[in-house]
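User: I have a model open beside its sequence and would like to go through its aromatic contacts and its sheet with you, one point at a time.

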Amino acid sequence: MEKLTNLEEMIMKCIWDYGEEIPFLQIGKELKERYSKEYKRISIRTYLFRLEDKEYLKVDKRGRNAYVYPIISEKEYRKEKAEDILDNWFDGSAKELFTALSEKIPKSEKERLKGVLDDMDFI
């Protein structure tokens, strides 16, 4: 899976959150509303072609309208991104990752995470 730029991630997030498929023109509206970013249609189209080349999405033209739908799910992307962060920044150590995150995690969430860890199958 190829890495995404920040803008490509924002575009994909808009697509994933919208649902199955999103009208091309809606992407610009979503970027403006969510991220206060305004891009010309031609710029968005260029990024969509790049994302299509990277096999993250498909653009489907229907007459004068175009619709965009993801090929890679947000769950797949998040998993890959988490693995990259773990490998690149924490040398594969989940302990180091959790240590780095510990200040940001509220106490109630820490208790829930303990339960998740207890439920994991360790072989």
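User: How many aromatic pairs does a search of the whole structure find?

Analyst: This is a predicted model, and the pairs described here are computed from its atoms. One pair joins W16 and Y77, whose ring centres are 5.6 Å apart, and another joins Y56 and Y77, at 5.9 Å centre to centre. The search of the whole structure finds a total of 2.

User: Is the pair of W16 and Y77 stacked, tilted or edge-to-face?

Analyst: The pair links distant parts of the chain, with W16 in helix 1 and Y77 in helix 4, 61 residues apart. Planes under 30 degrees apart would count as stacked and those over 60 as edge-to-face. The planes of W16 and Y77 stand at 35°, so the pair is tilted.

User: Is Y77 buried or exposed?

Analyst: Y77 belongs to a cluster in which ring pairs link it with W16 and Y56, and Y56 counts as buried at 0% relative accessibility. The cut-off for buried is under 20% relative accessible area. Y77 has a relative accessible area of 9%, and is therefore buried.

User: In which order do the strands of the open sheet lie?

Analyst: Strand 1 (22–23) and strand 2 (57–62) are the edge strands, each pairing on one side only. Strand 2 pairs with strand 3 (residues 65–70) in the antiparallel sense over 6 bridges, and within these strands K58 stands opposite Y69. The order of the 3 strands is 1-3-2.

Definitions and conventions:
Residues numbered from 1 in each chain as written. Predicted model: local features only at pLDDT ≥ 70, side-chain atom pairs only at ≥ 80, totals over all residues. Heavy atoms only, no water. Pairing = 2+ DSSP bridges. Helix = DSSP H or I, 4+ residues; strand = E, 2+ residues; numbered from the N terminus. Phe/Tyr/Trp six-rings, centres within 6.5 Å; stacked < 30°, edge-to-face > 60°. Buried < 20%, exposed > 50% of the residue type's maximum accessible area, 1.4 Å probe, protein only.
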